[in-house]
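The following exercises are meant to be worked through with the sequence and the model side by side. Try each task before reading its solution.

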Amino acid sequence: MDPVTDLYTRASAEQQLGKEIARCRRQSTSLSIATIHLEEFTELTQRNGLSAADQALKEFARRLKKACRGSDFAVRMANDDFLLVCRVQPGEVKLVLNRIGAIEVSCSGRKVSLTSTTGWGGLPGRRPSRRLLKRASQLLHLYDSAGQRELATTLNPH
């Protein structure tokens, strides 16, 4: 588990994701993935310090856990990149993401808002968990490069 957010780490997510894929196949249920990139997180850390960044991450993780249901789980992929695995249809992922809500933290006596870029899609039929995590990482890198505020995409490779 990640020591700051108490979410799964990328290293532990592969095993957990493999179990979820197998469960969904057995039960013929849907599995969807959402990627979340916190915008301007590096700048937040530079302006307000590591303590403020940790506080922001803890609040984001708390909101992410609260938005999840018992069968969902969240992963901290990197500093400002997260993965949410949900047992819902791809079209329902946005409802889960909306439950996170706006995130504001108090840094040095002033409110700081966190914005994020999100993408989501359904789990491809026979993708191994390692390949799916690699695709999620690629998408997160694209979001960082694009600098868009919201982006919906599929996790299926072209």
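**Exercise 1.** Leaving aside its neighbours within four places in sequence, with which residues is K111 in contact?

Solution. Bear in mind throughout that the model is predicted. Begin by locating K111, which has its place in strand 6. Next, set aside the residues within four places in sequence; the contacts of K111 that remain are E104 and V105. Finally, consider its accessibility: K111 counts as exposed because its relative accessible area is 60%, and the cut-off for exposed is over 50%.

**Exercise 2.** Work out the order of the strands in the open sheet, and then the sense in which they pair.

Solution. The open sheet is formed by five strands in the order 1-3-4-2-7, with mixed pairing. At its edges lie strand 1 (8-9) and strand 7, each of which pairs on one side only. Starting from strand 1, the pairing with strand 3 (residues 73-78) is parallel and runs over two bridges, and here T9 stands opposite R76. Strand 3 then pairs with strand 4 in the antiparallel sense over five bridges, with A74 opposite L84, and a hairpin through two residues joins strand 3 to strand 4. Strand 4 in turn pairs antiparallel with strand 2 over six bridges, where F82 is the bridge partner of I36. The last step leads from strand 2 to strand 7, which run antiparallel and are joined by seven bridges; one of the pairs is H37 with T117.

**Exercise 3.** Which residues of strand 4 point one way, and which the other way?

Solution. Recall that in a regular strand the side chains alternate between the two faces of the sheet. In strand 4, D81, L83 and V85 point one way, whereas F82, L84 and C86 point the other way, and all of them are buried. For comparison with the edge of the sheet, strand 7 (residues 116-122) is mostly covered, with six of its seven residues buried.

**Exercise 4.** Identify the members of the largest nonpolar core that touch the most other members, and the element that gives the largest share.

Solution. This core has 28 residues, of which I36, F60, L64, F82, L84, L97 and I100 touch the most other members. Among the elements that give it two or more residues are strand 2 (32-38), helix 3 (50-67) and strand 4 (81-86). The largest share, seven residues, comes from helix 3. As a detail, I100 touches I36, F60, R63, L64 and A67, when residues up to four places away in sequence are not counted. Apart from this core lies another, of 11 residues, including L17, L31, V75 and L83.

**Exercise 5.** Why is there no bond between the sulfurs of C86 and C68?

Solution. The closest cysteine sulfur to that of C86 is in C68, and at 6.1 Å it is too far for a bond, since a disulfide requires sulfur atoms within 2.5 Å. By this rule the count of disulfides is zero. Both cysteines are nevertheless buried, C68 with a relative accessible area of 17% and C86 with one of 0%.

**Exercise 6.** Check whether the span of helix 1 (residues 10-27) agrees with the expected one.

Solution. At 1.5 Å a residue, the 18 residues of helix 1 should span 26 Å, and the end C-alpha atoms are 25 Å apart, which agrees. The buried residues of helix 1 include L17 and I21, and the helix is followed by S28, whose phi is positive, near 50°.

Notes:
Residues numbered from 1 in each chain as written. Predicted model: local features only at pLDDT ≥ 70, side-chain atom pairs only at ≥ 80, totals over all residues. Heavy atoms only, no water. Core = buried A, V, L, I, M, F, W, Y, C linked by side-chain atoms within 4.5 Å. Buried < 20%, exposed > 50% of the residue type's maximum accessible area, 1.4 Å probe, protein only. Helix = DSSP H or I, 4+ residues; strand = E, 2+ residues; numbered from the N terminus. Contact = heavy atoms within 4.5 Å. Pairing = 2+ DSSP bridges. Expected span 1.5 Å × (residues − 1).
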